[in-house]
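Please work through the exercises below with the sequence and the coordinates open beside you. Each task is followed by a solution that proceeds step by step.

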Amino acid sequence: MKRAAGSALATCAGLLAAAIAGNAVAFDLKGLTDKLDLDKLSEGVEKLQYATGKVPRTKEIELGEELSAGLLGAVKLVGDTQVQTYVNQLGRWLAEQTSRNQKKWPWRFGVLDTRTVNAFAAPGGHVFITRGLFVLLESEAELAGVLAHEIGHVLEKHHLQALQKSTRGEVFKDLMVKSSEKNREAIEKLTGAGMALYARGLEREDEYAADRLGVVIAARAGYDPFALLNVLTTIDSLDPHDPDLALMFSTHPPTRERLAQLDRAMEGKLDGYAAQSAPDARFLQIRNRLLQ
Amino acid sequence: MLKRQTSTVAALLLLIGVVLAAAPGFVVRNSELRNQPSFSGQVAQRLSPGTAVKLLERRGGWRRVEVKANSRRGWVRNYQVRAGQVPSSVVSDSRDENRGVLSDLASLSRSASGLLGSSGNTSTSQTTATIGIRGLSAEELKAARPDQQQLNQLKRYGATPEAGRAFAKAANLKRRKVNAL
């Protein structure tokens with residue numbers, strides 16, 4: 001008992017000493033910060049974050065909007081509100097199953113009016129599918145698989161990372177500068193680099209990762225995750241010399257390799273979610289509108 | 001009365017079951033027919049694209065099929081088969097036997113959508129496509145000028161989380177807990 005009291009006393013003394021020392025440090029720190037321009041310090045920290053890959057949400061969305069405007073400059077949206085509403089509601093439901101399910105993430109989905117077979121994503125939550133790919137699909141679950149694959153690219157920030165790599169993060173620092181002119185310049189440079197990235201494609205590993213994420217997101221949303229494999233099978237069956245497929249084939253790993261990798265990754269793990277009932281009537285109705 | 005209704009329903013269900021069980025299908029890629037729905041199952045037969053099968057039940061990524069030619073039953077990966085009749089003209093491509101079987105179906109839907117020329121011949125599709133849908137090449141992407149009006153249109157189409165949930169509810173889609181792969 002006596003010993004316990006003694007050790008408690010010793011602990012108290014230790015804590016007191018630590019507290020005094022802590023105060024001393026705090027006083028020193030205050031002296032230091034008084035001499036520093038805090039604005040400059042925080043700007044420097046943010047610049048450092050940009051260079052290392054941490055782009056704040058608002059900037060990511062802004063960049064994604066610019067890249068989307070670029071894509072939409074190359075090809076317009078299908079001018080059918082029913083079609084666009086359908087993909088946006090489906091897309092939003094898929095996004096609900098991810099870490100970016102809050103209202104502050106403005107997910108936007110668009111069907112592009114081109115016969116080219118492809119799908120795209122842009123940072124911040126922008127996803128596109130071409131009319132050419134949409135009409136090849138056979139069910140809502142297949143569409144969910146395609147959209148979820150693109151959502152995967154957004155979540156993993158594949159485009160942001162590729163742009164940071166290709167511009168060595170230099171332009172990203174300018175995103176933060178207060179001068180609106182420099183900011184504008186940075187956005188323009190990044191948009192240019194982004195369009196070149198769409199023409200060039202992401203890393204193979206990024207595509208495989210998006211495939212794996214896509215099937216999981218689709219399964220979480222209640223869809224048959226195996227539908228994405230069906231889409232890949234359809235794509236694999238298309239004429240590789242068709243000019244409408246040239247861009248997709250040149251910017252993605254061989255379809256058969258994607259099928260093999262995805263099938264292996266899923267084997268046994270998602271079997272319980274297969275063959276879920278799919279609401280295909282509304283899907284077919286929308287697809288018919290695109291076929292007209 | 002009730003009994004008759006019940007038996008009618010039962011007959012209908014049976015009919016649906018038979019129709020489903022006997023769904024015609026075909027193999028779309030080189031596959032192995034296994035005696036179990038597992039990669040450790042023994043391979044009973046190799047199937048080539050275009051082989052007619054009956055589609056039986058599905059289990060996970062696996063699909064039980066019956067080969068029409070010899071009535072042998074076994075399991076293949078579900079994505080290796082498709083529902084429907086074997087396309088009448090199976091295009092054989094010397095470079096790649098896996099391709100071709102489905103390309104007819106795919107080009108059918110593409111030509112129906114006006115995405116291909118009426119001949120389905122892709123080499124002339126650029127000039128024969130009747131509706132003015134353009135392509136999207138690497139060059140066109142790099143030359144594109146941002147379209148702010150189209151971006152604003154895109155933003156207007158965006159759905160709220162509530163709209164997404166209502167969309168799911170209308171089709172009875174339910175959230176599931178699924179671990180990342």
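The exercises that follow take up confidence, strand pairing, a contact between chains, and the packing of helices.

This is a predicted model, in which local features need pLDDT of at least 70 and side-chain atom pairs count only at pLDDT 80 or more, while totals for chains, interfaces and linings use all residues. Residues are numbered from 1 along each chain as its sequence is written, chains are lettered from A and ligands numbered from 1 in the order in which they are written, and side-chain values use heavy atoms, with hydrogens and water left out.

**Exercise 1. Determine where in chain B confidence is lowest and where it is highest.**

Step 1. Begin with the chain as a whole: the average pLDDT of chain B (the predictor's confidence in each residue, from 0 to 100) is 75, and 62% of the residues score at least 70.

Step 2. Turn to the elements, where helices (H or I, at least four residues) and strands (E, at least two) are DSSP runs, numbered from the N terminus. The lowest confidence in chain B falls in helix 3 (residues 122-128), with a mean of 36, and the highest in helix 5 (residues 148-157), at 98.

Step 3. Look at the stretches where pLDDT stays under 50. For residues 13-20 of chain B the model has one contact (heavy atoms within 4.5 Å) beyond four places in sequence, and for residues 116-131 of chain B it has 20 such contacts.

Step 4. Apply the general caution: where pLDDT is low, the predicted coordinates should not be read in detail.

**Exercise 2. Trace the strand pairing in chain B, beginning with strand 1 and strand 4.**

Step 1. List the elements: chain B has six helices and seven strands, and from the N terminus on they run α-β-β-β-β-β-β-β-α-α-α-α-α.

Step 2. Pairing requires that DSSP finds at least two bridges between two strands. Strand 1 (residues 23-27) and strand 4 (residues 52-59) of chain B run antiparallel and are joined by four bridges, with B:Gly25 having B:Val53 in strand 4 as its bridge partner.

Step 3. Strand 4 of chain B also pairs with strand 5 of chain B, in the antiparallel sense and over five bridges; here B:Arg59 stands opposite B:Trp62 in strand 5. Their hairpin has two residues between the strands, and in it B:Gly60 takes a positive phi near 60°.

Step 4. Strand 5 (residues 62-67) of chain B pairs in turn with strand 6 of chain B, antiparallel over five bridges, and B:Val76 in strand 6 is the bridge partner of B:Arg63. This hairpin has five residues between the strands, with B:Ser71 at a positive phi near 60°.

Step 5. Check the burial of strand 6 (residues 73-77) of chain B, where buried means under 20% relative accessible area, exposed over 50% and partly exposed in between (1.4 Å probe, protein chains only). Four of its five residues are buried, so strand 6 of chain B is largely enclosed by the rest of the structure.

**Exercise 3. Is B:Arg82 buried or exposed, and which side chains of chain A does its side chain meet?**

Step 1. Locate B:Arg82 in strand 7 (residues 81-83) of chain B.

Step 2. Compare its accessibility with the cut-off: B:Arg82 counts as buried because its relative accessibility is 7%.

Step 3. Search for polar contacts (pairs of N or O atoms within 3.5 Å; within protein, one must be able to donate a hydrogen and the other to accept it, and residues adjacent in sequence count only if both atoms are side-chain atoms). The side chain of B:Arg82 makes one of 3.3 Å with the side chain of A:Glu138 and one of 2.9 Å with the side chain of A:Thr234.

**Exercise 4. Test whether helix 6 of chain A has its expected span, and place the helix in its core.**

Step 1. The expected span is 1.5 Å times one less than the number of residues. For the 16 residues of helix 6 of chain A this gives 22 Å, and the end C-alpha atoms are 22 Å apart, which agrees.

Step 2. Since 16 of its 16 residues are buried, helix 6 of chain A is largely enclosed by the rest of the structure.

Step 3. Consider the largest nonpolar core (a set of buried Ala, Val, Leu, Ile, Met, Phe, Trp, Tyr and Cys residues joined through side-chain atoms within 4.5 Å). It has 64 residues, and among those touching the most other members are A:Trp107 and A:Leu143; its largest share, nine residues, comes from helix 6 (residues 140-155) of chain A.

Step 4. Beyond four places in sequence, A:Leu143 touches residues including A:Tyr86, A:Leu90, A:Phe134 and A:Phe283.
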